Every structure is written in structure tokens, then in C-alpha cells.
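Here are a few exercises to work through with the model open in your viewer. Take each task first, then compare your reasoning with the steps below it.

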Amino acid sequence: MKQSTEYDICSVTDASHDTDLVRQIANIEALIQPHDAWSQDSIASLLSQDSNHCWAVIEGSLKANVGDENEIKVVAYCLYSTVFETAEILRIGTHPKYQRQGLATCLLKPLIKHMPNKELERILLEVRADNHAAIALYKKMGFELIHTRIAYYSSPVCDALIMAYQDTNND
């Protein structure tokens with residue numbers, strides 16, 4: 001058994017090439033979003049569009065796993081879209097066994113850091129109002145509430161909070 005866990009972040013760009021990674025992302029979706037999970041086909045279709053992107057946190061080192069896809073394990077992911085100067089986080093999720101280890105932060109930090117390089121002025125996301133842990137994370141990362149969609153979610157009924165991170169360096 002490993003003494004410490006090593007993580008890498010990789011880009012999942014070509015859904016036809018990265019089918020195992022897309023399958024693993026869809027499996028995590030099914031675990032954490034059981035009433036609204038995106039399927040492997042819908043994720044692959046999304047990634048076939050140039051404006052959509054995905055980063056995945058991989059358990060272990062990618063260098064050690066080159067050529068052995070069965071050893072690569074996705075533990076967290078972030079699907080996002082970029083349109084003009086705005087990025088929208090479509091989904092961000094962590095496998096339940098790996099939650100509360102800072103993996104979502106590992107995915108958000110590079111996106112925020114590279115905003116100027118990608119000519120992005122802001123990042124938008126939507127979160128359930130009852131997802132207190134996620135809201136606390138987003139606030140800690142500098143996101144602010146900009147809008148509430150009343151009773152937006154069902155199963156159970158819950159408001160949706162629209163949050164934004166504004167790049168103050170582009171002002």
C-alpha cells in the first residue's frame with residue numbers, strides 16, 4: 001500500500017482517444033449526481049466541441065503510467081466552456097472516496113491562474129444553495145454570488161446560486 005498519494009492533472013481533450021478517462025468521469029458523475037448525471041456519450045459529445053474543455057485529477061503519476069491506461073485512475077474532474085472572455089464551469093466533481101482532500105482546489109487554481117493567458121475576464125459557475133461545502137470553497141477561492149435562481153433544482157427543490165470570479169488584473 002502507498003505511503004502517500006501522488007496526483008497529476010491532465011487535459012482530457014480527445015474523447016475518442018481518452019475513452020477510458022471519459023468513462024471514469026461519467027462513472028464519478030453517476031455517483032455524485034445520481035439524478036442528473038451526464039453519460040459517457042454526452043461528455044464525449046461535449047468535448048468534441050472546441051469551446052469545451054476538461055481537466056482531470058489522476059491518482060498516481062502519469063509518467064509512471066504511460067502506456068498502461070488501466071492504471072490511470074480519475075479521481076476528480078472539471079468540465080468547462082470558454083466563450084469570448086468568460087469561462088463557465090459546467091461540472092466539477094470528486095469521487096466520494098477522495099472528497100475533502102483539496103482536489104477541486106487543484107482544478108480551480110490553474111484555471112484562475114491562467115485567465116490572463118486565455119484572455120478570460122471571469123469564471124462563472126452554478127451551485128446548489130444547499131451545497132455548503134462547495135459554496136465555502138468557491139468563496140475561499142474568490143468567487144462571489146451574483147444571482148439566485150429560485151427553486152431551480154428539483155429532487156429536492158433547491159435554489160441555484162450563480163457565482164463569479166472576476167479577474168482584477170484585466171481591469
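**Exercise 1. Decide whether Thr94 is buried or exposed, then find its place and its contacts.**

Solution. Start with accessibility: Thr94 has a relative accessibility of 11% in this predicted model. The cut-off for buried is under 20%, so Thr94 counts as buried. Next, locate the residue: Thr94 belongs to strand S4, which covers residues 86-94. Finally, look for partners beyond four places away in sequence: Thr94 touches Ile28, Ile32, Val75, Ala76, Gln99, Leu103 and Ala104.

**Exercise 2. Find the buried residues of helix H2 (residues 40-47) and work out how they are arranged around the axis.**

Solution. First pick out the buried residues of H2, which are Ile43, Leu46 and Leu47. Then check their directions from the axis: they cover an arc of only 95 degrees, so they lie on the same side of H2. Now see what covers them: the elements include helix H1 (19-32), strand S2 (52-59), strand S3 (73-83) and S4. S4 is also the strand that holds Thr94 from the previous exercise.

**Exercise 3. Search the structure for disulfides, and ask how Cys54 fits the result.**

Solution. Searching the whole structure gives zero disulfides. For Cys54, the nearest cysteine sulfur is that of Cys78, 7.4 Å away. A disulfide needs the two sulfur atoms within 2.5 Å, and Cys54 is in no disulfide. Now turn to accessibility: Cys54 is buried, because its relative accessibility is 1%. Cys158 counts as buried too, with a relative accessible area of 9%.

Definitions and conventions:
Residues are numbered from 1 along each chain as its sequence is written. This is a predicted model: local features need pLDDT of at least 70, side-chain atom pairs count only at pLDDT 80 or more; totals for chains, interfaces and linings use all residues. Side-chain values use heavy atoms; hydrogens and water are left out. Helices (H or I, at least four residues) and strands (E, at least two) are DSSP runs, numbered from the N terminus. Buried means under 20% relative accessible area, exposed over 50%, partly exposed in between (1.4 Å probe, protein chains only). Contact means heavy atoms within 4.5 Å. The arc is that of the directions from the helix axis to the C-beta atoms.
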